Amino acid sequence: MHACKIESGKTLSDSNLDYWVISYYHFVSFEKPEEEVARQKEFFARRDVKSRIYVSTQGINAQLSIHKKDAEGYVNWLSSRKEFEGVDFKIQYYSEHVFPRLTLKVRKELVALGVPVDMEKRGEYIQSEEWRKHLDSKDKDTIVLDVRNSYEWKLGYFEGAELFKCDTFKDFKESAKELKGRIDLHKTKVLMYCTGGIRCEIFSSLLKEEGIEKIYQLQGGVIRYGEEEKSKHWLGKLFVFDDRLSVPVSENETKVIGVCHHCSQNTERYYNCANMDCNELFLCCEKCLEEFYGCCKKECKTAKRVRPYKHAHKPFRKWYHYAKTKEELNTLNKKIEA
Ligand SMILES: [Zn+2]
Ligand SMILES: [Zn+2]
């Protein structure tokens, strides 16, 4: 576990970038999650921060970008609170905010599955170094499962891993049944990873309930692995749920594995479809981006609400962002009605 307390002047940073991108999750019982939301809102008032933070009765899942002048204060404030003892913060640096706004709210579940999960049963943690050694050894009795979404997998994954489909609880049940049919429930070591660790907490618990005994989860996920073991055994880039969409796992070069959705050329650039009413995420090369006006398919090109793709260095936003003035917004809306 990384030390939480960050002393002034001794930051983790070796960089001059102005923003810290912080992610953490923590399972702790919040009787009234709305009170935690209020506490954090109060802390963020008058501070330079944008976020996507969800709080439930089970805990918190947080991602935020915060100006470096406020970042240490936030980490130290949380670390000083008893209910946040032992929280593992993952910190990256960036030149600007990576979220469009401050989202901080109560949610029923931290990872939406619609079923209760017994978190006492979760898999054993594996640290990055041990994980790397497992992949070095190519042990026959080991299976490596990626428990992220398929669009994350398309951009990058660990050598030898397989995608374990679990976007919904129904997917999970099917994947678990298939897996159980081809492994030894008592002997096979199941190694599981995700971006930052939270999905493994859920899916390792569920797989244990299914009777698989030896389950291990990469602590801190691919983000922490990249800090500690660089890109060893990693192919491609890492999908992240913010404006960056795609980030390198470390400063080391990796093989490109993503392919353009339109022409199958190698690419590592993700876009959301310029058609507001589609918004599909897809990998796209520069040439096809021009040709399809930033759209995922032909039909989207001629849809009513196509956002101007020239500004697509960031994910497309809601429709009204593309108007600078009220008059412009009216014109945009008239175009839709026309
Ligand atoms: Zn292409
Ligand atoms: Zn589309």
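This report describes the fold, one sheet, the nonpolar cores and one helix residue of a predicted model.

## Overall architecture

The protein chain of this predicted model has 338 residues, of which 38% count as buried, and its secondary structure consists of ten helices and 16 strands. When contacts between residues at least 6 apart in sequence are considered, 66% of them join residues that are at least 24 apart.

## The five-stranded sheet

Five strands form an open sheet in which the order is E6-E11-E10-E7-E9 and the pairing is parallel. Its edges are strand E6, covering 124-126, and strand E9, covering 162-163, each of which pairs on one side only. In general, the strands of a sheet pair through backbone hydrogen bonds, either parallel or antiparallel.

At the E9 edge, the partner is strand E7, made up of residues 142-146, and the two strands pair in the parallel sense over two bridges. Within this part of the sheet, Leu 145 stands opposite Glu 162, a residue of E9.

## Nonpolar cores

Leu 145 also belongs to the largest nonpolar core, a set of 54 residues in which Leu 145, Val 147, Val 190, Leu 191, Met 192 and Phe 203 touch the most other members. The element that gives the most to this core is helix H6, residues 198-209, with five residues. Because domain 2 (119-229) and domain 3 (270-337) both give residues to this core, it lies between them.

Phe 203 shows how some of these positions are connected: leaving aside residues up to four places away in sequence, Phe 203 touches Val 147, Cys 166 and Met 192. A second core, separate from the one just described, has 22 residues and includes Tyr 19, Trp 20, Ala 71 and Leu 78. As a general tendency, nonpolar side chains in soluble globular proteins are buried together.

## Glu 129 on helix H3

Glu 129 is part of helix H3, which spans residues 128-137. This residue counts as exposed because it has 11 C-beta neighbours inside 10 Å, and the cut-off for exposed is 12 or fewer.

Although exposed, Glu 129 has contacts with residues that are distant in sequence: when residues up to four places away are not counted, Glu 129 touches Glu 228 and Glu 229. In addition, the C-alpha atoms of Glu 129 and Tyr 225 are separated by 8.0 Å, while these two residues are 96 residues apart along the chain.

Technical notes:
Residues are numbered from 1 along each chain as its sequence is written. Chains are lettered from A and ligands numbered from 1 in the order in which they are written. This is a predicted model: local features need pLDDT of at least 70, side-chain atom pairs count only at pLDDT 80 or more; totals for chains, interfaces and linings use all residues. Helices (H or I, at least four residues) and strands (E, at least two) are DSSP runs, numbered from the N terminus. A residue is buried if 20 or more other C-beta atoms lie within 10 Å of its own, exposed if 12 or fewer, and partly exposed in between; C-beta atoms are placed from the backbone. Two residues are in contact if their C-beta atoms, placed from the backbone, lie within 7 Å. Two strands pair if DSSP finds at least two bridges between them. A nonpolar core is a set of buried Ala, Val, Leu, Ile, Met, Phe, Trp, Tyr and Cys residues joined through C-beta atoms within 7 Å. Domain bounds come from an automatic or database domain assignment.
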